[in-house]
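Student: I've got a protein model open and I'd like to practise reading it. Can we go through a few questions together?

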Amino acid sequence: MKTKLKISKQNVTKAILTLIMLVLAIIVVFPFMWMIVCSFKPLNELYEFPPRFISPNMSLDNYKEVLFGQNPSFLVYFKNTFITTIVCVIGTVFTSSMAGYAFAKLQFKGRDQLFLLYLVTMMVPFQVLMVPQFIQFKYMGIFNTLWALILPRLFTPLGTFLMRQFFLDVPTEIIEAGRVDGLGEFGIFYKLILPLAKPAVSTVVILNFVWRWNEYEAPLIFLTDSKLFTLTVGLTNFIDEAGFAMDHLIMAGTTIALIPMVVVFILGQKYFIEGLTSGSVKG
């Protein structure tokens, strides 16, 4: 009897928790669903009350206007964002994986102190670095170029931290076996260790892709040519000088900008959580 009551209480608890999670999921997802629905509506129907989820006037006109009715084209912003994001992600994976391996498996004087010093840089907000970077980029001649967005973001302390925590869990015997077979440190890293790091690499890719794709302050400050704008800055073109926002076009543009992030997360979600929790028990 007591066992049945215990099982019954557990089922009730699970049902309540499931219901709570369902409600929270709806709260999180609904704004995105509403944005997608509004991206097909004309402007005047966005503000009607009571709001209608489905409208007979829904069409693809907003998307046509966003993609082909602007100068520069929204596709130019998409291309700029894609270039900067892909280059930054590839560079970040390269530097973070190599630095993480060095901090985890190579022995050299001051290694742990240097790693802690590197992590401290995460506490420095971008707002503190804006003016120094602005002056430096002007001096280097890369102001108002995509390099101003790419170069500072080829390195990330968080990416290095995640890769290091993963590599700490890799058995040292694998590295020693590689050395016995005559592999150098780079050969061991590239042929033996890196293939094992898919979860950590996927996590670094997803996090950095989302950060770079959504970056707003740096493009706003370091770019003045509209042909070099990224998506986040390009969306502000749908707000006129008087402050009137063409929300139907903003909704359509944001929906388009959201697609690559969803695709990347779906492709890498298998390893994402595993990569985040690597090294959480030991190391």
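Student: Is Thr-81 buried or exposed?
Tutor: Keep in mind that this is a predicted model. Thr-81 sits in helix H3, residues 74-105, and beyond its sequence neighbours within four places, Thr-81 touches Trp-213, Thr-230 and Leu-231. Buried means under 20% relative accessible area. Thr-81 has 1% relative accessibility, so the label is buried.

Student: How many salt bridges does a search of the whole structure find?
Tutor: Here's the background: side chains of opposite charge can pair when their charged atoms come close. One such pair is Arg-111 with Asp-112, at 3.2 Å from N to O. The search of the whole structure gives a total of 3.

Student: Which residues do salt bridges with shared partners join into one network?
Tutor: Start with Arg-153 and Glu-215, whose closest N and O atoms are 2.5 Å apart. Those two lie 62 residues apart, Arg-153 in the loop between H6 and H7, Glu-215 in the loop between H10 and H11. Glu-215 also meets Arg-212 in a salt bridge, 3.7 Å from N to O. Put the shared partners together and the network is Arg-153, Arg-212 and Glu-215.

Student: What is the volume of the largest pocket?
Tutor: Let's look at the walls before the number. The lining has 13 nonpolar, 4 polar and 4 charged residues. The volume of this largest pocket is about 670 Å³.

Student: And which residues that line the largest pocket are the closest to its centre?
Tutor: There are 21 lining residues to pick from. Helices H5, H7, H10 and H11 each give two or more of the lining residues. The closest to the centre are Val-124, Leu-129, Pro-152, Phe-155 and Pro-157.

Key
Residues numbered from 1 in each chain as written. Predicted model: local features only at pLDDT ≥ 70, side-chain atom pairs only at ≥ 80, totals over all residues. Heavy atoms only, no water. 1 Å grid on protein atoms, 1.4 Å probe; cavity = no way out; pocket = protein on both sides within 12 Å on 5 of 7 lines; lining within 4 Å. Points joined across faces, edges and corners; volume = space filled by probe spheres on them. Helix = DSSP H or I, 4+ residues; strand = E, 2+ residues; numbered from the N terminus. Nonpolar A, V, L, I, M, F, W, Y, C, P; charged D, E, K, R; others polar. Buried < 20%, exposed > 50% of the residue type's maximum accessible area, 1.4 Å probe, protein only. Contact = heavy atoms within 4.5 Å. Salt bridge = Lys/Arg side-chain N within 4 Å of Asp/Glu carboxyl O.
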